[in-house]
Structure formats: C-alpha cells, structure tokens
Amino acid sequence: MPRLAYLGPEGTFTEEALRLLDPTAERLPCANVPAALNAARSGEADGAVVPLENSIEGAITTTLDEFAWGEPLLITAELLLPVQFSLLARPGTEIPHIKRVYTHPAAITQCRAFLARELPDAVVVAAPSTAAAAQEVSLPGSPYDAAIAARIAGEHYGLVELATDIGDRSDTVTRFVRVARPGPLPEPTGSDRTTLVVFLADDHPGALLEMLTEFSVRGVNLTRIESRPTGDGIGRYFFHFDFEGHVADARVGEALAGLHRICGEVRFLGSYPRADGIAPQIKRGTSDPEFAEAGGWLARVRAGQV
C-alpha cells in the first residue's frame with residue numbers, strides 16, 4: 001500500500017483528489033506543496049499529490065516553481081477534479097449571524113458573488129488552505145463564524161453545510177498530479193500528456209519562437225504554456241510546457257531532442273495518461289511509421305542507394 005503525501009490538513013480538495021487517484025493509499029497530510037513534494041523526494045512518502053492548475057485561477061505557481069528548482073520528480077498521473085465550495089459552520093450557526101469568514105484566497109476569488117449577495121457585511125480572512133479554515137472554525141472559541149471549503153472538510157471537522165456549490169461558476173475544475181521519484185515511465189496509451197520545464201540558453205529575438213517551432217514542425221500540440229521569472233532580474237523567464245503525446249512517440253522524442261540542442265536546460269517532468277482521455281490528431285508526416293520510413297530513406301541516401 002503506497003504512502004502518498006498531499007497538501008493538507010485533512011479535508012482539502014487535494015485529499016479528495018488523492019482518494020480518487022489511489023483509494024488504497026496511506027495518506028500523509030503536509031503543511032504546503034513544497035513539504036508534500038519534499039516528502040516524496042526524501043522517501044518519507046512513495047509519492048505526492050499536488051494541485052497544478054485551476055480553470056479559473058490558472059497555474060499554481062508554487063507547484064510550477066518546485067518542479068523547476070527542486071530535486072527532480074516525475075508526474076505519473078493526473079486528475080481533473082470539479083471544485084465545489086460549501087459554506088461550513090458550527091452546528092447551530094445561521095447565515096445572518098455570520099460576521100467573519102475564513103478561507104483560502106482562491107476560494108475568496110471564486111465565491112465573490114455569493115459573498116457579496118449573502119454576506120455583504122462579513123469580514124473575509126485569508127487562510128493557508130480551505131481545510132485549515134474549516135479546522136480553525138471547528139475549534140471552540142474560534143474568532144471565525146464560518147469557513148468556505150470542500151464538503152469533505154465539513155465531514156472531517158464536524159461542521160454543518162449552510163450552503164453548497166457557492167462558486168461563481170459551476171464548471172470550475174482543478175487539475176491535480178501525482179508525482180514520484182524518477183523511475184520507469186507509464187507506458188504509452190495513445191492518449192498521453194508530456195510536461196517539461198525549459199530554460200533559455202540566452203535571451204535574444206525569436207528565442208520563444210525557436211522553441212515553439214520545435215513543436216510545430218513535428219505536429220506536437222501544446223496544451224499549456226506558462227512563463228515564470230528566473231529570479232535573475234526583470235524580464236528573465238523560463239517556461240513550462242504541457243503537450244500531447246508520450247516521449248516514446250517519435251514526434252515527441254524528436255521535439256525534445258531539438259529543444260535540448262537549442263536551450264540552456266530542458267527538465268523532463270514526465271509522460272503520463274491524460275485524465276480526459278483525448279487522443280491527439282496526428283498530422284500527416286508525423287506518425288511513428290512515417291518517421292521510421294523517413295529514417296530508412298535517409299539511411300539509404302547516406303549509403304549511396306539513390
């Protein structure tokens with residue numbers, strides 16, 4: 001039974017994602033994303049589950065930076081989790097009596113309409129996580145009257161649900177990934193995703209275009225691109241890429257080799273099955289058999305067999 005670290009405490013959306021990814025795993029709650037990933041790196045856990053991006057808020061920058069600068073880890077699986085926020089309070093609390101609400105900043109952003117409509121006079125305070133907010137509200141003498149968190153947090157901490165699905169959008173989704181120490185990759189499924197971190201060799205006109213061309217000419221479709229500051233000064237960035245395909249695919253392997261030739265550093269973060277099951281559309285001339293045929297033709301030309 002694997003032991004998986006995750007962004008805690010108990011009752012976070014990350015715990016819910018972990019349960020769906022591996023219901024049998026022993027769960028190790030951690031204070032933050034770096035702590036969860038370090039538990040996997042150190043061997044304290046067999047792996048970790050962390051959030052990577054949200055359909056409203058975008059990328060989880062802490063996770064991106066950990067993947068870029070921390071000891072290497074590989075993504076082995078992903079999960080798309082619908083996010084539904086609930087208003088949770090101690091038994092006996094009624095909405096008109098709520099004066100102070102505790103929750104994570106992302107929940108504040110995503111529940112603005114509900115807060116403005118139902119709790120216009122309440123003070124909303126930022127918490128480290130939605131589960132930490134629920135845990136605090138459950139304590140006797142807590143200065144907070146309610147928390148915005150996942151329903152699972154209410155179950156953990158004995159809170160009642162005063163309102164459910166209070167987000168401004170009902171289709172909000174967070175993408176979670178399971179990571180492990182470097183080792184054998186998941187086998188190609190025909191519906192895979194690959195993730196990279198890429199550092200420029202030097203900053204010059206067309207540098208980003210050069211990287212994108214390595215994907216384009218081989219028919220590799222990008223599904224996400226994010227820039228993050230290197231910390232070496234204003235205007236200096238590195239890049240995160242998600243794209244369709246598995247490193248075992250010829251078109252993907254050649255794109256990675258091309259990036260390796262022109263970039264300062266390419267950090268491979270894994271090839272793994274896509275959670276949505278979408279298979280890529282293979283452009284003419286970029287399938288594995290076509291790459292193999294072209295390689296055979298080149299070998300014959302080099303041998304003078306014209």
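## A tour of helices, sheets and pockets

Begin by selecting helix 2 (residues 33-42) together with helix 3 (residues 61-69), which pack at an angle of about 35 degrees with their axes 9 Å apart. Keep in mind throughout that this is a predicted model. Looking along the pair, you will find that helix 2 passes helix 3 in a right-handed crossing. To see the contact itself, display the side chains of Val33, Pro34, Leu37, Asn38 and Arg41 on helix 2, which meet Thr62, Thr63, Glu66 and Phe67 on helix 3. Coloured by class, this contact of helix 2 with helix 3 shows four nonpolar, three polar and two charged residues.

Next, bring up the sheet of four strands, an open one whose order is 13-14-12-15 and whose pairing is antiparallel. Strand 13 (222-229) and strand 15 (265-273) are found at its edges, and because each has a single partner strand, one side of each is left without a neighbour in the sheet. From one strand to the next, the twist averages 15 degrees. Within this sheet, select strand 12 (residues 192-199) and strand 15, which run antiparallel and are joined by eight bridges; as a landmark along this pair, pick Val197, which stands opposite Arg267 in strand 15.

With the sheet still displayed, add helix 3 again, which packs on the sheet and touches strand 12, strand 13, strand 14 (237-244) and strand 15, its direction making about 100 degrees with that of strand 14. Then add helix 8 (residues 207-216), which lies across strand 12, strand 13 and strand 14 and runs at about 15 degrees to strand 14.

Now move to the sheet of five strands, which is also open, has the order 8-7-9-6-10 and shows mixed pairing. Its edge strands are strand 8 (123-126) and strand 10 (160-164), each of which pairs on one side only. If direction is ignored, neighbouring strands of this sheet are turned against each other by 30 degrees on average. Select strand 6 (residues 86-89) with strand 10 to see a pairing in the antiparallel sense over four bridges, where Leu87 has Ala163 in strand 10 as its bridge partner. Adding helix 6 shows a helix that lies across strand 6, strand 7 (100-103) and strand 9 (146-149), running at about 155 degrees to strand 9.

The tour ends with the pockets. The largest pocket has a volume of about 620 Å³, and to centre the view on it, select Leu7, Pro51, Ile60, His104 and Ala106, which lie nearest its centre among the 28 residues of the lining. The elements that give two or more residues to this lining are helix 1 (13-21), strand 3 (47-54), helix 3, helix 4 (105-110), helix 6 (130-138) and strand 11 (173-180). Helix 4 gives the most to the lining of the largest pocket, with three residues. Coloured by class, the lining of the largest pocket divides into 15 nonpolar residues, 12 polar ones and one charged.

Finally, turn to the second largest pocket, whose volume is about 230 Å³. Of the 13 residues that line the second largest pocket, Leu200, Asp203, Thr230, Arg236 and Tyr237 are the closest to its centre and serve as the selection to make here. The lining of the second largest pocket divides into six nonpolar, three polar and four charged residues.

Note on methods:
Residues are numbered from 1 along each chain as its sequence is written. This is a predicted model: local features need pLDDT of at least 70, side-chain atom pairs count only at pLDDT 80 or more; totals for chains, interfaces and linings use all residues. Side-chain values use heavy atoms; hydrogens and water are left out. Axes are lines fitted to C-alpha atoms, for helices over the stretch in contact, and angles run from 0 to 180 degrees between N-to-C directions. A crossing is left-handed if the near helix is turned anticlockwise from the far one by less than a right angle, and right-handed if clockwise. Contact means heavy atoms within 4.5 Å. Ala, Val, Leu, Ile, Met, Phe, Trp, Tyr, Cys and Pro count as nonpolar, Asp, Glu, Lys and Arg as charged, and the others, Gly among them, as polar. On a 1 Å grid over the protein atoms alone, a cavity is a set of points where a 1.4 Å probe fits but cannot get out, and a pocket is an open set with protein on both sides within 12 Å along at least five of seven lines; lining residues have an atom within 4 Å of a point. Grid points are joined across faces, edges and corners, and a volume is the space filled by probe spheres set on the points. Two strands pair if DSSP finds at least two bridges between them.
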